[in-house]
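Let's walk through this structure together, one region at a time. Keep the sequence and the 3D view side by side as you read.

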Amino acid sequence: MAVIILAIESSCDDTSVAVIRDGYILSNLIAGQEVHMMYGGVVPELASRAHQANIVPVTDVAIRQAGISRKDINAVAFTRGPGLLGSLLVGTSFAKGVALALGIPLIEVNHLQAHVLAHFILEEQAGHQQPSFPFLCLLVSGGHSMLIVLKDYLEMEIIGNTIDDAAGEAFDKCGKLMGLPYPAGPAIDRQAKQGNRTAFRFAKPFVEGLDFSFSGLKTSFLYFLRDRTKEDPDFISRNIPDLCASLQATIVDILIGKLVRASLQTGIREIGIAGGVSANSELREALTREGIKRGWNTYVPPLGYTTDNAAMIGITGYYKYLRGEYVGHDVTPMARL
Ligand code: KG4
Ligand code: ZN
């Protein structure tokens, strides 16, 4: 019998609901929240209010688009954390309500594990070259920069982590200094295509082992802009493409450098990237290039599964369902895991 999972993601500023059947996506709806743009970052209180307004209509459309009826759903999977507590509370409470009303099991999902498992989402009419285990994945998002070894679908080990800012934060904060709207990652990616990646040099932090640090880069970028605009008040507007290309090159070099180190250290050659920053075109190309050079099998997720989405929660929920890993209704969201 087919297994149908209703999946709910509400950890940050995207309300997303997906329906998946036996690992295949039937629908994956995402309602973004433009309200944060004018504040230059996510405002937690506004995010949870928007989730509250969006979650019922988004779920309705996701079920309709999937062409199923509510009674076909076998379990509800939801993001328990990490994320913004108020936002997580909306998804968690809603998932409990659905599970209770339909009399079906409730499955909690770790958002970070879900980003990595995005590589295992199945789509009709798509070739599916999936990683084999152990799988080494660089997870880079607005909140995290991690090197993760996946030993099996549900068995993950974090072997590297950021000691301060995440890679996505480096994009977003430096973008803000250049006057780009939040989140700045996609705009930097676009602008960088017209720029010269060696136009400016920014110091790369030295961090031992497999950990990352990005706050120093942000500070050196700030001082660099401050000094240059003293000499030329229009320095930023005159140099946006070169600034974006040079900044992006620095971040990508740091990330790929650590990935190479992690592969050498672990001996793993099944290698992928995940999370919002894995949408970055230079990072995607750099991984593929490095893979060819080093004989790795590389995995780059489809763009739609890089930033936050419920499909990744659904695939994780599916594997937990197969193992009978359910939770009781006393489960509470966790901002940090
Ligand atoms: O995974 P995600 O949607 O949310 C978190 O779990 O944090 O990641 C969002 C992050 C933001 O920092 C955004 O600027 C970054 O992903 N991002 C990008 C690109 N698209 C999204 N960064 C660089 N290049 C992109 N194309
Ligand atoms: Zn995320």
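In helix 6, the residues Leu 217, Phe 221, Phe 224 and Leu 225 are buried, where buried means under 20% relative accessible area, exposed over 50% and partly exposed in between, using a 1.4 Å probe and protein chains only. Looking down the axis of helix 6, you will find its buried residues within an arc of 100°, so they line one face of the helix; the arc is that of the directions from the helix axis to the C-beta atoms. These buried residues pack against helix 4 (167–177) and helix 7 (235–266), with contact meaning heavy atoms within 4.5 Å. Helices (H or I, at least four residues) and strands (E, at least two) are DSSP runs numbered from the N terminus.

Before going further, a word on the ground rules: this is a predicted model, in which local features need pLDDT of at least 70 and side-chain atom pairs count only at pLDDT 80 or more, while totals for chains, interfaces and linings use all residues. Residues are numbered from 1 along each chain as its sequence is written, chains are lettered from A and ligands numbered from 1 in the order in which they are written, and side-chain values use heavy atoms, leaving out hydrogens and water.

Back to helix 6: its 17 residues (215–231) reach 25 Å from the first C-alpha to the last, close to the 24 Å expected at 1.5 Å a residue. That expected span is 1.5 Å times one less than the number of residues. Helix 8 (residues 281–294) can be read in a similar way: it has 14 residues and reaches 20 Å between its end C-alphas, close to the expected 20 Å. Its buried residues include Leu 283, Ala 286, Leu 287 and Gly 291, along with the charged-type names Arg 284 and Glu 290. Among the elements covering the buried residues of helix 8 are strand 6 (135–140), helix 5 and strand 10.Now turn to the metal. Which residues coordinate the zinc ion (ligand 2)? They are His 111 (NE2), His 115 (NE2) and Asp 308 (OD), at 2.0 to 2.1 Å. Donors here are N, O and S atoms within 2.8 Å of the metal (3.2 Å for Na, K and Ca), and water is not among the atoms, so sites may look incomplete. The 4 donor atoms around the zinc ion subtend angles of 95 to 137°, which makes the arrangement irregular. Four donors count as tetrahedral if all angles lie between 85 and 135 degrees; four count as square planar and six as octahedral if opposite donors are over 155 degrees apart and all others between 65 and 115; anything else is irregular. Along the chain, the donors of the zinc ion follow the spacing H-x3-H-x192-D. His 115 lies in helix 3 (residues 111–117) and Asp 308 in the loop between strand 10 (297–299) and helix 9 (310–322), so the pair ties together parts that are 193 residues apart in sequence. Both His 115 and Asp 308 are buried.

Stepping back, the chain is divided into domain 1 (4–127 + 306–322) and domain 2 (135–301), with bounds that come from an automatic or database domain assignment. Their centres, taken over C-alpha atoms, are separated by 27 Å, and 20 residues of domain 1 are in contact with 25 residues of domain 2.

Finally, have a look at the backbone. The peptide bond from Phe 133 to Pro 134 is cis, with omega near 0°, and Pro 134 sits in the loop between helix 3 and strand 6.
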